[in-house]
Amino acid sequence: MLGVRVAAGIRIVCPKSLVRNASGPTLLTCYHTPQQNRSGPYIPPTGRISFSSLTVHVRHASSITGSDDAGSPGWYASIADSNLVHLTEQLLISSQGGTALPWWASIMCTTLALRTVITLPLGAYQMIVIGKVEALQSEIAVLAKRLRYEVSVRAQECGWKERHCRYQFKKNLHRIVSELYIRDNCHPFKASLLVWVQLPMWVSLSLALRNLSMASSPAGSALQTELSTGGTLWFSDLTLPDHTWVLPISLGLINLLIIEIFAVQRLQVSSLQRYMTHFLRGVSVLMVPIAATVPSSLALYWLSSSLVGLGHNLLLRSPRFRMACHIPPLRSDSQTPYRDLASQSRRVRL
């Protein structure tokens, strides 16, 4: 029998088998059903309460982390066990088996290949859309000036009020701008295509490496020996966190460098862009302790992805590469972008 103390002077007695037979951590919720005394008022018990007078509800402790009482998995477990993540696991395993590289080199090479094949073309397409939208601004300004004159003339003829004039101007200007975006195939939403592809890919690879490193999937259970010896230098065991903090700190520095490169590139900075820059800086700093608690394979992937992203951002600034990709010129373009970056960073330090 298992005794559970619930209050001073009260001890609940219930069978140990109730807890032992339950799978995983359990929570016991006990309700006492007192026996009424017909000959007098009810007196609370001060000794032992028999199990026959209790109603005990057993719940899995996982229910407090996103699972319901029926044992269905939470949202995080559902994503980690999704088909996309399992396909990504097989991609990583096939890549390592096909190249015969050690796991640390395979992770870095796979990251470089995926980002170069998928995200680099999308980054170039993003710059093309941004360039077309920027080139349309002068034409939009001319059309807006003409539309304002036509609305004012129409308002005098029909006796429109100021509020109705503003409504007609905004409505027709929105129509004109939409037609220009369709004409040049450069709707600003298309510039966000890179984010909608890169973010799911980053999450899928992160969860796949986590499953493989922590044996959270059948494929990961068979690779524990390989991953535990598949590292190099100070992170020889890819299933353990990097206790030296070299990978996490390097990840934070590279992410901050990427953010600062974008920050110095802008000619005019709005308040929203300034707040977003501060927010991203905070996220980069927050990623350092997070990367120190995950397996080294995951921290290595994050660092590799950031390094490749930094290289792609610098490549997209090259005038020759932009010309080869037919990227329209921007106001912020320079014929010596790398020299300008060096001078701007030197000015910031001063």
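Is tryptophan 202 buried, exposed or partly exposed, and what is its relative accessible area? Tryptophan 202 comes out as partly exposed, at a relative accessible area of 29%. Keep in mind that this is a predicted model. The protein has 350 residues, 34% of them buried, and its secondary structure runs to 13 helices and five strands.

**How far to trust it**
- Mean pLDDT for the protein is 79, with 76% of the residues scoring at least 70.
- Helix 11 has the highest mean pLDDT of the elements, at 94, while strand 5 (residues 54–60) sits at the bottom with 41.
- Residues 1–39 have pLDDT below 50, yet the model gives this stretch 76 contacts beyond near neighbours in sequence.
- It's a similar story for residues 41–70: pLDDT stays under 50, and there are 67 contacts beyond four places in sequence.
- Low pLDDT means that the predicted coordinates should not be read in detail.

**Overall picture**
- Among contacts with a separation of 6 or more, 68% join residues 24 or more positions apart.
- The accessible surface adds up to about 21,800 Å², and carbon and sulfur atoms own 63% of that.

**Transmembrane annotation**
- An unreviewed UniProt entry puts "transmembrane region" at residues 245–263, 275–292 and 298–316.
- In the model, residues 275–292 are 94% helix and 0% strand, with 27 Å between the end C-alpha atoms.
- Residues 298–316 are 95% helix and 0% strand, and their end C-alpha atoms also lie 27 Å apart.

**Nonpolar cores**
- The largest nonpolar core holds 32 residues, and Leu92, Trp103, Ile107, Leu212 and Trp302 touch the most other members.
- Elements giving two or more residues to this core include helix 3 (83–99), helix 4 (103–158), helix 6 (193–213) and helix 9 (246–265).
- Helix 11 is the top contributor to this core, with seven residues.
- A separate core has 16 residues, including Val129, Val133, Ala144 and Ala155.

**Aromatic pairs**
- The whole structure has three aromatic pairs.
- Tryptophan 202 and tryptophan 302 count as stacked because their ring planes meet at 20°, with the centres 5.5 Å apart.
- That pair bridges distant parts of the chain, from helix 6 (tryptophan 202) to helix 11 (tryptophan 302), 100 residues apart.
- Tryptophan 302 is buried, with a relative accessible area of 7%, whereas tryptophan 202 is partly exposed at 29%.
- Tryptophan 234 and phenylalanine 235 make an edge-to-face pair, 5.1 Å centre to centre with 75° between the planes.
- Here tryptophan 234 is partly exposed at 40% relative accessibility, and phenylalanine 235 is buried at 6%.

Key: Residues are numbered from 1 along each chain as its sequence is written. This is a predicted model: local features need pLDDT of at least 70, side-chain atom pairs count only at pLDDT 80 or more; totals for chains, interfaces and linings use all residues. Side-chain values use heavy atoms; hydrogens and water are left out. Helices (H or I, at least four residues) and strands (E, at least two) are DSSP runs, numbered from the N terminus. Buried means under 20% relative accessible area, exposed over 50%, partly exposed in between (1.4 Å probe, protein chains only). Contact means heavy atoms within 4.5 Å. Accessible areas come from the Shrake-Rupley method with a 1.4 Å probe; for residues, only the protein chains shown count as cover. UniProt positions are given in the numbering used here, feature names are shortened, and annotations may be inferred rather than shown by experiment. A nonpolar core is a set of buried Ala, Val, Leu, Ile, Met, Phe, Trp, Tyr and Cys residues joined through side-chain atoms within 4.5 Å. pLDDT is the predictor's confidence in each residue, from 0 to 100. Rings of Phe, Tyr and Trp (its six-membered ring) pair if their centres lie within 6.5 Å; planes under 30 degrees apart count as stacked, over 60 as edge-to-face and the rest as tilted.
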